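Here's a short set of exercises to work through with the model open beside you. Try each task before you read its solution.

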Amino acid sequence: MVAHRGASEEAPEHTLAAYEKAIEDGADALECDVRLTADGQLVCVHDRRVDRTSNGRGAVSALELADLAALDFGSWKNAEEAPDREAPHSVLTLERLLELVADAGRRVELAVETKHPTRWAGQVEERLLLLLKRFGLDAPESAGESQVRIMSFSARSLHRVHAASPTLPTVYLMQFVSPRLRDGRLPAGVRIAGPSLRIVRSHPAYVERLKGAGHQVHVWTVNEPRDVDLCAGLGVDAIITNRPRAVLDRLGR
Ligand code: G3P
Ligand code: CA
């Protein structure tokens, strides 16, 4: 089970608190989205702009890390739930998240999604691999052993990762199934399929096709008990959820 943006139903998404809670809840893996700041730092932010999830405004790519560090990435969610909270939630760098994973005291996997990879023409992947290298995570002995996987809706982004580090597993995210992939094939080099829950609900047989073609299947974003049951019944390999504890309970773990 993969905690989507951390335990993001309970804590503000992509904050240290959300990932600490996910680890405490027993998540097998953590999902995060990464973007490059104007000064080339990888930060965990979903949207192109910071407006929805912080008290600031502007595009991540136009702000420096110091600008982002001055913002509160928790107040948007906590205004009603914790009005007395004093400490702001800082922007989370991917480096800090990797430190958290390294210090977790148990194996916790990381599923990193490259966002907006075309704008930066390879820089996101390049910086990502350099950072993973510092943590000894960029070149696992085999894909099956890897603690990290790279996800993207962009086949080009995954191709760049695969070309630079062939044993690092990649996940091709799909919002819909393009006609050329209907037979269960994925772009070259990709090991894992990441179909949306909508695809799985409307075309459950597609999961079988993907698995028949030798791929793992990781489904996002699965929050309701009936959908957890659907995925478990289909034998999907990973459920990506905003509610890690509830999903583990449903799976009897
Ligand atoms: O885990 C995949 C999922 O996160 C993709 O969609 O928009 O939540 O990044 P999004
Ligand atoms: Ca994501």
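A residue is buried if 20 or more other C-beta atoms lie within 10 Å of its own, exposed if 12 or fewer, and partly exposed in between. Keep in mind that this is a predicted model.

**Exercise 1. The overall build**

Work out whether the radius of gyration agrees or disagrees with that of a compact globule.

Solution. Start with the inventory: the protein has ten helices and nine strands. Next, take the chain length. For 253 residues a compact globule would have a radius of gyration near 18 Å, and the protein has 18 Å, so the two agree. Along the principal axes, the C-alpha atoms fill a box of roughly 50 × 40 × 35 Å. Now check the inside: buried residues make up 43% of the 253 residues. Finally, look at the contacts with a separation of 6 or more: 55% of them come from residues 24 or more positions apart.

**Exercise 2. The nonpolar core**

Find which residues have the most contacts inside the largest nonpolar core.

Solution. A bit of background helps here: in soluble globular proteins, nonpolar side chains tend to be buried together. In this model the largest nonpolar core has 66 residues, and Leu 30, Val 43 and Ile 239 are the ones with the most contacts inside it. Take Ile 239 and leave aside its neighbours within four places in sequence. Its contacts are then Met 1, Val 2, Val 219, Val 222, Val 228, Cys 231 and Val 247.

**Exercise 3. Following the strands**

Trace the pairings that involve β2 and β4, and say how many residues of each strand are buried.

Solution. Go strand by strand.

- Strand β1 (residues 2-4) runs parallel to β2, and three bridges join them. In this pair Ala 3 stands opposite Leu 30 in β2.
- Strand β2 (residues 29-36) pairs with β4 in the parallel sense over six bridges. Here Val 34 stands opposite Thr 114 in β4.
- β4 goes on to pair with β5, again in the parallel sense, over four bridges. Leu 110 stands opposite Val 148 in β5.

Now for burial. β4 is mostly covered, with five of its six residues buried. For β2 the count is eight of eight. In a regular strand the side chains alternate between the two faces of the sheet. So sort β2 by face: Ala 29, Glu 31, Asp 33 and Arg 35 sit on one side, Leu 30, Cys 32, Val 34 and Leu 36 on the other, and all are buried.

**Exercise 4. What packs over α6**

Identify the buried residues of helix α6 and name elements that cover them.

Solution. α6 spans residues 155-164, and its buried residues are Ser 157, Leu 158, Arg 160, Val 161 and His 162. Their cover includes β4 (109-114), α5 (123-134), β5 (148-152) and β6 (170-174). For contrast, try Arg 156, which lies in α6 too. Arg 156 has 14 other C-beta atoms within 10 Å, so it is partly exposed.

**Exercise 5. The shell around ligand 1**

List the residues that surround ligand 1 and split them by class.

Solution. The list first: His 4, Glu 31, Asp 33, His 46, Glu 113, Leu 173, Gly 194, Trp 220 and Ile 240. By class, the shell has three nonpolar, three polar and three charged residues. Two of the names link back to Exercise 3: Glu 31 and Asp 33 belong to one face of β2.

**Exercise 6. Backbone oddities**

Look for a cis peptide bond and for positive phi values outside glycine.

Solution. The yardstick is that most residues other than glycine have a negative phi, and most peptide bonds are trans. A cis peptide bond joins Trp 220 and Thr 221, with omega about -20°. Thr 221 is placed in the loop between β8 and α9 (225-234). As for phi, Arg 5 has a positive value near 60°, and His 14 likewise has a phi near 60°. Arg 5 is found in the loop between β1 and α1 (16-25), and so is His 14. Arg 5 counts as buried because 26 other C-beta atoms lie within 10 Å. His 14 is buried as well, because it has 24 such neighbours.

Definitions and conventions: Residues are numbered from 1 along each chain as its sequence is written. Chains are lettered from A and ligands numbered from 1 in the order in which they are written. This is a predicted model: local features need pLDDT of at least 70, side-chain atom pairs count only at pLDDT 80 or more; totals for chains, interfaces and linings use all residues. A residue is near a molecule or strand if its C-beta atom, placed from the backbone, lies within 6 Å of it. Ala, Val, Leu, Ile, Met, Phe, Trp, Tyr, Cys and Pro count as nonpolar, Asp, Glu, Lys and Arg as charged, and the others, Gly among them, as polar. Two residues are in contact if their C-beta atoms, placed from the backbone, lie within 7 Å. Two strands pair if DSSP finds at least two bridges between them. The radius of gyration is taken over C-alpha atoms; the globule rule is 2.2 Å times the number of residues to the power 0.38. A nonpolar core is a set of buried Ala, Val, Leu, Ile, Met, Phe, Trp, Tyr and Cys residues joined through C-beta atoms within 7 Å.
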